[in-house]
Amino acid sequence: VMEIPKKHEKRIAKIGDKLRALRTEAGYTSYENFAFDNDIPRVQYGRMEKGVNFRMATLMRVLDVHNITLEEFFEGLK
């Protein structure tokens, strides 16, 4: 796993926070159930919510589940 530069850690953590918020808004209390129900590898999705480096393809897949665009997802994230 590639180490994330310190300057990016907070930004990636914000992405994880937003993914967690989307999941809970969708009615899932468990990231594991969300991942299972949407055919996303459980461990990989859990890492995303924790702010661990991840593949953009996986993020796109999660956004498709929530039916939102990249633009909508990143709106307000700085």
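This tour of a predicted model goes from helix H1 to a single residue in helix H4.

Begin by selecting residues 6-25, which form helix H1. H1 has 20 residues, and the distance from its first C-alpha to its last is 30 Å, close to the 28 Å expected at 1.5 Å a residue.

Within that selection, show the side chains of Ile 12, Ile 15, Leu 19, Leu 22 and Arg 23 and mark Gly 16 as well, since these are the buried residues of H1. They lie on the same side of H1, because the arc that they cover around the axis is only 120°. Now add helix H2 (31-37), helix H3 (42-49), H4 and helix H5 (70-74) to the display, and the partners against which the buried residues of H1 pack will be in view.

Next, turn to the face of H1 that points away from the buried side, where Lys 6, Lys 7, Lys 10, Arg 11 and Glu 25 are exposed. Following the chain beyond H1 brings you to Gly 27, a residue with a positive phi, near 95°.

For the last stop, select residues 56-66, which make up helix H4, and centre the view on Thr 58 within that helix. Is Thr 58 buried or exposed? Its relative accessible area is 7%, and because buried means under 20%, Thr 58 counts as buried. If residues within four places in sequence are left aside, Thr 58 is in contact with Ile 40, Gln 44 and Met 48. With Gln 44 there is also a polar contact, made between the side chain of Thr 58 and the side chain of Gln 44 at 2.9 Å.

Technical notes. Residues numbered from 1 in each chain as written. Predicted model: local features only at pLDDT ≥ 70, side-chain atom pairs only at ≥ 80, totals over all residues. Heavy atoms only, no water. Helix = DSSP H or I, 4+ residues; strand = E, 2+ residues; numbered from the N terminus. Buried < 20%, exposed > 50% of the residue type's maximum accessible area, 1.4 Å probe, protein only. Polar contact = N/O pair within 3.5 Å; in protein donor to acceptor, adjacent residues only side chain to side chain. Contact = heavy atoms within 4.5 Å. Expected span 1.5 Å × (residues − 1). Arc of directions from axis to C-beta.
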